[in-house]
Amino acid sequence: MKPTSRHCRKGRRAALRTLGQGALALSLGRAELALGASIVAVRLWPAAEYSRVTIESDQPLSARQFLTDNPPRLVIDIDGLELSAALRELVGKVRADDPFIAGLRVGQNLPRVVRLVLDLKQAVAPQQFTLAPVAAYQHRLVLDLYPTEALDPLATLIHERERAEALAVRNVQDALGEFIGRIERPLANTSTSKTPIERHSTATPSVTSAPLASPAPTTLAAEEQRSIDRLVIVAIDPGHGGEDPGAVGPTGLREKDVVLAVALKLRDRLNSVPGMRAMLTRDADFFVPLHERVRKARRVQADLFVSIHADAFLTPAARGASVFALSETGATSAAARWMANKENAADGVGGVNLGAVKDAQVLRAMMDMSTAAQIKDSLRIGREVLALIGQVGALHKRSVEQAGFAVLKAPDIPSILVETAFISNPEEEARLREDDYQDKLVDALHTGIRRYFARNPPLARQRTL
Ligand SMILES: [Zn+2]
């Protein structure tokens, strides 16, 4: 949000007030008296998955849109609006690396109809919707530009192989190549393939039951050699993004930026572990709805889901990290319930097009499935991570807490939510900003995840790719 545009409006409003109604009617004429909506802010969120244009106003806006082919353009007519400096700011906000928008123009098409013309880089499937005021936002008109063929998180994972391999320090075998081979073979020869694809070979995994005596990396690596004989996929979920900044620290550090930085580092660390691959639910500053985060993890049949956050609490004194798992029966504490409610509100702030949520019924059915077994595993991984994070900084609570976090509801994937620290605490905000502290957090998460898999080797699974 641009403070300048707000100040302009305030200034203009004050000026209008001092003019009085009579003077206003004389100077502007009758037609202009009903000024219509005023723009509060305009925002652009470019990302490979979709690019979003948000127009925030003091009154609800209605708009029509149409696509042209030659040249490819998207035209949006917004009613009840006069062209303003705030709206013109959109033009300068188009980034050269926006995957969808090459350029943008605004003009007064008709009296009280503003036209936006978007020059497109690729064919798009646009979605337009409005959002009622929520949190710090007033009315929002949202335009999402999706590719005509949606990005598949599995395809992304496969494309990332080269990059991941370059990072691998001990690349003993290309498990992902083997994985892809197994996907491709049945696809190429569907007539003979009647069984679901399995990521694992038919052999029983070599389970190692001996607990780890020490966290020394050599021991861990040896454990892994014996225990992990198939590709393990970890879904890393940086909270918030785009329109949803998450919590904001006393000096302005935003949760969405910190957790993305930590997630990107964790991805690189995990990708350097042989037989392990990380998938991010978002890799840039754009919003991903909660159910979509779960769907992405399930699409790649992740073995683990780790959501990363750094939230605020009611008092700036609150400090320390916490780890949460799902609860089927109610929260383990009032604070855990409060945190889950706060996180679950992200969709409202981030902006979900409810009209376009596909497979709503499937989604509900999935959310209603029993998660008892999942929670048992989630508590296990939660304890591994909590023990290590406790060595990096203070813990808010010494046990894994549970509450009804929507993002942890994949019935078949152990899922945890890590509150790395309280961004609302001035000291913790300062630490979260430090590269060194982020590295320590990543170390703890990475070691916790590896220990969990060394002690709980993933079993063969039926693949439904
Ligand atoms: Zn959060």
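These legends go with close-up views of a predicted model.

**View 1. An open sheet of 4 strands, paired antiparallel.** Reading across this sheet, the strand order is 1-2-8-7. Strand 1 (39-45) and strand 7 (124-131) sit at the edges, so to speak, each pairing on one side only. On average, neighbouring strands here are turned by 10° against each other, if you ignore direction. As a reminder, strands of a sheet pair through backbone hydrogen bonds, either parallel or antiparallel.

**View 2. Zooming in on strands 7 and 8 of that sheet.** Strand 8 covers residues 139-147, and its antiparallel pairing with strand 7 runs over 8 bridges. To get your bearings, pick out Pro126: its bridge partner in strand 8 is Leu145. Strand 7, remember, is one of the edge strands.

**View 3. Helix 7, residues 255-271.** How far apart are the end C-alpha atoms of this helix? They are 24 Å apart, which agrees with the 24 Å that 17 residues should span at 1.5 Å a residue. Helix 7 is also largely enclosed by the rest of the structure, because 12 of its 17 residues are buried. Among the buried ones are the hydrophobic-looking names you might expect to hunt for, including Val258, Val259, Leu260, Val262, Ala263, Leu266 and Leu270. But have a look at Glu255, Lys256, Arg267, Arg269 and Asn271 too, since they are on the buried list as well.

**View 4. A cis peptide bond between Asn70 and Pro71.** Omega for this bond is about 0°. You'll find Pro71 in the loop that links strand 3 (63-68) and strand 4 (73-79).

**View 5. Arg112, a residue other than glycine with a positive phi.** The phi value is near 65°. Arg112 belongs to the loop between strand 5 (101-110) and strand 6 (113-120). Is Arg112 buried or partly exposed? It counts as partly exposed, because 17 C-beta neighbours lie inside 10 Å and being buried takes 20 or more.

**View 6. His240, another positive phi outside glycine.** Here phi is near 60°. His240 is placed in the loop between strand 10 (232-238) and helix 7, the helix shown in View 3. With 27 other C-beta atoms within 10 Å, His240 is buried; the cut-off for that is 20 or more. So the two positive-phi residues part ways on burial: Arg112 is partly exposed, whereas His240 is buried.

Key:
Residues are numbered from 1 along each chain as its sequence is written. This is a predicted model: local features need pLDDT of at least 70, side-chain atom pairs count only at pLDDT 80 or more; totals for chains, interfaces and linings use all residues. Two strands pair if DSSP finds at least two bridges between them. Helices (H or I, at least four residues) and strands (E, at least two) are DSSP runs, numbered from the N terminus. Axes are lines fitted to C-alpha atoms, for helices over the stretch in contact, and angles run from 0 to 180 degrees between N-to-C directions. The expected span of a helix is 1.5 Å times one less than its number of residues.
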